[in-house]
Amino acid sequence: MRRHEGYLRHLVIRTGTRTGEVMVNLVTSRYDEARMAELGAFLQEQFPEVTTLVNTINSRPAQVSYGEATYTIFGPGVIHDCIGPFRFEIAPDAFFQTNTEQAERLYEVARELAALRPDDLVYDLYCGTGTISIFIAPHVRHVVGVELVASAVENARANAAANGITNCTFVAGDLLEVLTPAFVRTHGRPDVVIVDPPRAGMHPRVVRRIGQLRPERFVYVSCNPQTQARDLKLLRDLYRIEAVQPVDLFPHTDHVESVVALRAR
Ligand SMILES: C[S@@+](CC[C@H](N)C(=O)[O-])C[C@H]1O[C@@H](n2cnc3c(N)ncnc32)[C@H](O)[C@@H]1O
């Protein structure tokens, strides 16, 4: 690997806990059609529980399981899973909580702590495949979700439509560039902001923009309480913490998901 040679890079297996669907994603340095066809036939014969095989190409040195192109070898190229009454489509490179049962609990906690009202406009930032947006949509007037990964945004739109949800808008882009005064003029000033950033937390400029937006209620969902605390310190003068609720999303590890509910001072 150090010489950046070779073919196989990663094997990712994702399962839909509540649908039984299984996706095998082989990440390779290049596309080899004949090899993939052979592997596809082998998997279908030996492991009929595998519902789709995809091949992500990553020729760059970075040790990551997403890449430049994804080929669907057999099956639909996506899997589905259910949270609450909703069914979600999950693309190979889209984020989806790995613990489905506890994700449901997490979203319930976020929904309760957001103290949602039927006329609320909610921003769901770092929305992934739109799971939180769709989960809360029946309880509010409108949800605007923002997500960096374009395929996840496509999933989010498809998920909303498939679940009969019509009051969500999904926007693709980096929050650092997307969350501007023009964006707020277009979509409206939110009553509630829910964020669920990756482990690295939020860019300080995005945190400050939320402070300028001054939503009455702000719910910060985090898989890394350290960066969560760092980010929330920036809003100390503008928001007070109302509740902190950990959710054990990663049992038997020292990781914990943390939900913090804040109110504008
Ligand atoms: C922890 S996941 C949360 C997804 C979703 N809320 C859920 O529960 O399934 C974080 C998401 O933030 C997205 N993301 C990371 N950096 C971003 C950025 N700068 N702008 C917008 N989205 C970003 C990632 O692609 C990922 O989907």
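Me: In this predicted model, does N159 count as buried or exposed?
Reply: The relative accessibility of N159 is 2%. Buried means under 20%, so at 2% N159 counts as buried.

Me: And which helix is N159 found in?
Reply: Look at residues 150-162, since N159 is found there. That stretch is helix 4.

Me: How far apart are the C-alpha atoms of N159 and T131?
Reply: Along the chain, N159 and T131 are 28 residues apart. In space, their C-alpha atoms are separated by 8.4 Å.

Me: T131 has a ligand contact too. How far is an N or O atom in its side chain from an oxygen atom of the ligand?
Reply: A polar contact needs a pair of N or O atoms within 3.5 Å. The pair here joins an oxygen atom of the ligand to the side chain of T131, and the distance is 3.1 Å.

Me: What about D196: which kind of ligand atom is 2.9 Å from an N or O atom in its side chain?
Reply: D196 is one of the residues that come nearest to the ligand. At 2.9 Å from an N or O atom in the D196 side chain, the ligand atom is a nitrogen.

Me: How much of the ligand does the protein bury?
Reply: Start with the ligand taken alone, which exposes 600 Å². Of that area, the protein buries 88%.

Me: How do the residues of the shell around the ligand divide?
Reply: There are 17 residues around the ligand, and Y107, E147, D174, L175 and D196 come nearest. By class, the shell divides into 10 nonpolar, four polar and three charged.

Me: Y107 is on that list, so where does its polar side-chain atom sit relative to an oxygen atom of the ligand?
Reply: Y107 is among the residues that come nearest to the ligand. Its polar side-chain atom and the ligand oxygen are separated by 2.6 Å.

Me: Which residues form one aromatic cluster with Y107?
Reply: Y107 is near the ligand, and it also belongs to an aromatic cluster. The other members of that cluster are F86 and F135.

Me: Let's follow those two. How far is the C-alpha of F135 from that of I83?
Reply: I83 lies in strand 5, residues 79-83, and is buried, with a relative accessible area of 0%. I83 and F135 are 52 residues apart in sequence. C-alpha to C-alpha, the spacing is 8.0 Å.

Me: And how far is F86 from I165, C-alpha to C-alpha?
Reply: I165 is found in the loop between helix 4 and strand 9 (168-172), and at 12% relative accessibility it counts as buried. Along the chain, I165 and F86 are 79 residues apart. Their C-alpha atoms are separated by 9.9 Å.

Me: How many aromatic pairs are there?
Reply: Two rings pair if their centres lie within 6.5 Å. By this rule the count comes to eight.

Me: F42 and F47 form one of them. What is its geometry?
Reply: F42 is partly exposed at 44% relative accessibility, and F47 is partly exposed at 38%. Their ring centres are 6.5 Å apart, with 70° between the planes. Planes over 60 degrees apart make a pair edge-to-face, so F42 and F47 are edge-to-face.

Me: What about F218 and Y239: how many residues apart are they?
Reply: Their ring centres are 5.9 Å apart with the planes at 65°, so this pair is edge-to-face. F218 is buried at 1%, and Y239 is buried at 3%. The pair links strand 11 (residues 217-222) to strand 12 (residues 239-247), and the separation is 21 residues.

Me: Which residue lies over the face of Y7?
Reply: The distance from the Y7 ring centre is 4.2 Å. The residue lying over that face is R35.

Me: Which backbone oxygen does the N99 side chain reach?
Reply: N99 is found in the loop between strand 6 (86-90) and helix 2 (100-113). N99 is buried, with a relative accessible area of 15%. At 3.1 Å, its side chain reaches the backbone oxygen of L249.

Me: What is the phi of A115, roughly?
Reply: Most residues other than glycine have a negative phi. A115 sits in the loop between helix 2 and strand 7 (121-125), and is partly exposed at 33%. It is not a glycine, yet its phi is positive, at about 45°.

Conventions
Residues are numbered from 1 along each chain as its sequence is written. This is a predicted model: local features need pLDDT of at least 70, side-chain atom pairs count only at pLDDT 80 or more; totals for chains, interfaces and linings use all residues. Side-chain values use heavy atoms; hydrogens and water are left out. A residue is near a molecule or strand if one of its heavy atoms lies within 4 Å of it. A polar contact is a pair of N or O atoms within 3.5 Å; within protein, one must be able to donate a hydrogen and the other to accept it, and residues adjacent in sequence count only if both atoms are side-chain atoms. Accessible areas come from the Shrake-Rupley method with a 1.4 Å probe; for residues, only the protein chains shown count as cover. Ala, Val, Leu, Ile, Met, Phe, Trp, Tyr, Cys and Pro count as nonpolar, Asp, Glu, Lys and Arg as charged, and the others, Gly among them, as polar. Rings of Phe, Tyr and Trp (its six-membered ring) pair if their centres lie within 6.5 Å; planes under 30 degrees apart count as stacked, over 60 as edge-to-face and the rest as tilted. Buried means under 20% relative accessible area, exposed over 50%, partly exposed in between (1.4 Å probe, protein chains only). Helices (H or I, at least four residues) and strands (E, at least two) are DSSP runs, numbered from the N terminus. A charge sits over a ring if NZ of Lys or CZ of Arg is within 6 Å of the ring centre and within 35 degrees of the ring normal.
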